[in-house]
Amino acid sequence: NITVPTIAIDGDENGVSSLTAGDARKFTGAYEYRVFNGAGHNLPQERPTEWAQAVMDAKAMAKE
């Protein structure tokens, strides 16, 4: 089990048939799943603003 606060992110155009949403059961700490529309594998480069927001949101989750 993974107990640290986590925001899992997939791009909906990454070409991978199974997204990481199914991994939620492995997380016992705070968990959120996000999909970045129109993004592929390199999420920090393709969606830098949304990526940075996810990092900040995960940090906030750790303080709760």
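These are my notebook entries on what I looked up in this structure, which is a predicted model.

**Entry 1: the nonpolar core**

I began with the inside of the protein and asked which residues make up the largest nonpolar core. I found eight residues in this core, namely I7, I9, F36, A39, L43, A54, A58 and M61. I then looked up which elements give two or more residues to the core, and these turned out to be strand 1 and helix 2. The largest share comes from helix 2, which supplies three residues.

I picked A39 out of this core and listed its contacts, leaving aside the neighbours within four places in sequence. On one side of the list I wrote down G11, D12, E13 and N14, and after them E46 and R47, all of which are in contact with A39.

**Entry 2: N14**

Since N14 appeared among the contacts of A39, I went to N14 next. I located N14 in the loop between strand 1, which covers residues 6-11, and strand 2, which covers residues 31-36. Is N14 buried or exposed? I noted a relative accessibility of 12% for N14, and because the limit for buried is under 20%, N14 counts as buried.

I also looked at what the side chain of N14 reaches, and I found the backbone oxygen of G11 at 3.4 Å. Not counting residues up to four places away in sequence, N14 touches L19, A39, G40 and H41, so that the contact with A39 which I had noted earlier can be read from both ends.

**Entry 3: salt bridges**

I then asked how many salt bridges a search of the whole structure finds. The search gives three, and I went through them in turn.

In the one between K26 and D23, the side chains meet at 3.6 Å, taken from N to O. I checked both partners for accessibility: K26 is partly exposed at 40%, and D23 is also partly exposed, at 27%.

In another, the side chains of E32 and R34 meet at 2.6 Å, N to O. Here E32 is partly exposed, with a relative accessible area of 31%, whereas R34 counts as buried at 18%.

In the remaining entry of my list, D57 and R34 meet through their side chains, and the N to O distance is again given as 2.6 Å. I noted that D57 lies in helix 2 and R34 in strand 2, so this pair ties together parts of the chain that are 23 residues apart in sequence. For D57 I wrote down 23% relative accessibility, which counts as partly exposed. Because R34 is a partner of E32 and also of D57, salt bridges that share partners join E32, R34 and D57 into one network.

**Entry 4: the surroundings of R34**

As R34 takes part in this network, I looked up what else R34 touches. Leaving aside the neighbours within four places in sequence, I found R34 in contact with I7, A8, I9 and D10, and also with Q53, A54 and D57. When I compared this with my first entry, I saw that I7, I9 and A54 are among the residues of the largest nonpolar core.

**Entry 5: G29**

I went back to the loop between strand 1 and strand 2, where G29 is also found. I recorded G29 as partly exposed, with a relative accessible area of 21%. Which residues does G29 touch, if those up to four places away in sequence are not counted? I found two names, I2 and T3. For T3 I also looked up the spacing of the C-alpha atoms: those of G29 and T3 are separated by 4.2 Å, although the two residues are 26 residues apart along the chain.

**Entry 6: a nonpolar patch on the surface**

Last, I turned to the outside and looked up which residues make a nonpolar surface patch of about 280 Å². I wrote down W51, V55 and M56. I followed M56 further and placed it in helix 2, which runs over residues 48-63. With 48% relative accessibility, M56 counts as partly exposed. I noted that helix 2 has now come up in several of my entries, as it gives three residues to the nonpolar core, holds D57 of the salt-bridge network and carries M56 of the surface patch.

Technical notes
Residues numbered from 1 in each chain as written. Predicted model: local features only at pLDDT ≥ 70, side-chain atom pairs only at ≥ 80, totals over all residues. Heavy atoms only, no water. Patch = residues over 30% accessible without salt bridge, like charges linked within 9 Å, V, L, I, M, F, W, Y side chains within 5 Å. Areas by Shrake-Rupley, 256 points an atom, 1.4 Å probe, with all protein chains shown as cover. Salt bridge = Lys/Arg side-chain N within 4 Å of Asp/Glu carboxyl O. Helix = DSSP H or I, 4+ residues; strand = E, 2+ residues; numbered from the N terminus. Buried < 20%, exposed > 50% of the residue type's maximum accessible area, 1.4 Å probe, protein only. Polar contact = N/O pair within 3.5 Å; in protein donor to acceptor, adjacent residues only side chain to side chain. Contact = heavy atoms within 4.5 Å. Core = buried A, V, L, I, M, F, W, Y, C linked by side-chain atoms within 4.5 Å.
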